Amino acid sequence: MSNLDRRPPARELGGLAGTAAGPVLDLLPGKEVLLGESTRVRRLLPTLGRRLVGAWAFVDHYGPDDITSSPGMQVPPHPHTGLQTVSWLLEGEVHHRDSLGSDARIHPGELALMTAGHGIAHSEQSPAVHPRYLHGAQLWVALPEAARDTAPAFAHHTALPGFTSDGLTATVLMGSLGGATSPGTAHTPLVGADLDVAAGADVELPLEPDFEHALLASSGTAEVEDAPLEVGAVLYLGTGRRSVRVRAGEATRLLLLGGEPFEERIVMWWNFVGRSGEEIADYAERWNAEDERFGTVVGYDGDRLEAPPLPPVPLKARGRER
């Protein structure tokens, strides 16, 4: 999905200065953002106080929205560089097209993994005839230097591994958890998992102590260790945890994100990840000039998104925290 903000802030992310040296319980509020003319999302990462969790650099949570009388998701062709998009649906259906020629219908429980690498363009739409509700998350993973200029790719995995335990059903989107490993290709050590927690469940979730982790609430509420977690918030867990206790008084869906702290400094603006403001400006100029770097999305009926004007201030590295 695109960041449709027409005045996106420029951010320099990365480095270890803001990585917790041990376990913490930092509750970070999300921010409601209007995308386009009608779509509202909860921006959970980057958020006030936290810019990255491992290589996870961006999380938008949307819905559940009743789109019975609307066209639903309509994101025109737009570019990406230097990142992977991880699309995760809880309800609804999304039609993905990209400049590689990919044409896929994404359903709940399936992984749509697009590696932008050197450059790619894609569109996302609710089909003309679509389910009543649309609910999901769009996540970005920053690619490390060794992989950021790789050839673009798209993979659609319709079956994902997972495990069940004491009222928990876990589905592994990226990386490994509880002995289950995702088929999605990751370029840094990380984990992403959907946690479906039954009402009344009390679960001890295994974690990798060398990773930093965060939990995001997709629906319902939970108590994580001693901290409450509600929809629209991020609970940052820090590093050094071998497990975390999750208790749910009602049926709850959580997203677990984690990974080795990302050491490289990156610049993220609009839909690009680069290493300098000059690189980002070049990407935007090439996209608006319809440069062949990003290719063409065939089959989309409408105009593509233009890159917005760059911010008037120079980019300054501020590390992993605001």
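This is a short talk on one predicted protein model, from overall shape to a group of annotated residues.

Some ground rules. The model is predicted, so local features need pLDDT of at least 70 and side-chain atom pairs count only at pLDDT 80 or more, while totals for chains, interfaces and linings use all residues. Residues are numbered from 1 along each chain as its sequence is written, and side-chain values use heavy atoms, with hydrogens and water left out.

Overall shape, then. The secondary structure is one helix and 26 strands. Those are DSSP runs, numbered from the N terminus: helices are H or I with at least four residues, strands are E with at least two. The C-alpha atoms fill a box of roughly 55 × 45 × 30 Å along the principal axes. The radius of gyration is 19 Å, and a compact globule of 322 residues would be near 20 Å, so the two agree. That radius is taken over C-alpha atoms, and the globule rule is 2.2 Å times the number of residues to the power 0.38.

Now burial and contacts. Buried residues make up 56% of the 322. Buried means under 20% relative accessible area; exposed is over 50%, and partly exposed lies in between, with a 1.4 Å probe and protein chains only. Take the contacts with a separation of 6 or more: residues 24 or more positions apart account for 74% of them. Contact here means heavy atoms within 4.5 Å.

Next, the cores. A nonpolar core is a set of buried Ala, Val, Leu, Ile, Met, Phe, Trp, Tyr and Cys residues joined through side-chain atoms within 4.5 Å. The largest one has 52 residues. Trp56, Val86, Leu139 and Met174 have the most contacts inside it. Strand 12, residues 133–142, gives the most to this core: six residues. A second, separate core has 29 residues, including Leu195 and Phe211.

Look at Val86. Leaving aside neighbours within four places in sequence, Val86 touches Trp56, Leu139 and Met174, among others.

One more buried position: Ala193, in strand 17, residues 190–197. The relative accessible area of Ala193 is 0%. Beyond four places in sequence, its contacts include Thr171, Leu177 and Leu255. Ala193 and Ala142 are 51 residues apart in sequence and 17 Å apart in space, C-alpha to C-alpha.

Now the annotation. Which residues does UniProt list for "binding site"? The unreviewed entry gives His78, His80, His122 and Glu124. UniProt positions are in the numbering used here, feature names are shortened, and annotations may be inferred rather than shown by experiment. The four are spread over 47 residues of sequence, yet they cluster in space, with a largest C-alpha distance of 13.4 Å. From this set, His122 and Glu124 are in the lining of the largest cavity. On a 1 Å grid over the protein atoms alone, a cavity is a set of points where a 1.4 Å probe fits but cannot get out; lining residues have an atom within 4 Å of a point.

Zoom in on His80. It sits in strand 6, residues 74–80, and His78 is in strand 6 too. His80 is buried at 0% relative accessible area. So is His78, also at 0%.

What does the side chain of His80 reach at 3.0 Å? The backbone oxygen of Asn271. A polar contact of 3.3 Å joins the side chains of His80 and His122. Another, of 3.4 Å, joins those of His78 and His80. A polar contact is a pair of N or O atoms within 3.5 Å; within protein, one must be able to donate a hydrogen and the other to accept it, and residues adjacent in sequence count only if both atoms are side-chain atoms.

Note on methods
On a 1 Å grid over the protein atoms alone, a cavity is a set of points where a 1.4 Å probe fits but cannot get out, and a pocket is an open set with protein on both sides within 12 Å along at least five of seven lines; lining residues have an atom within 4 Å of a point.
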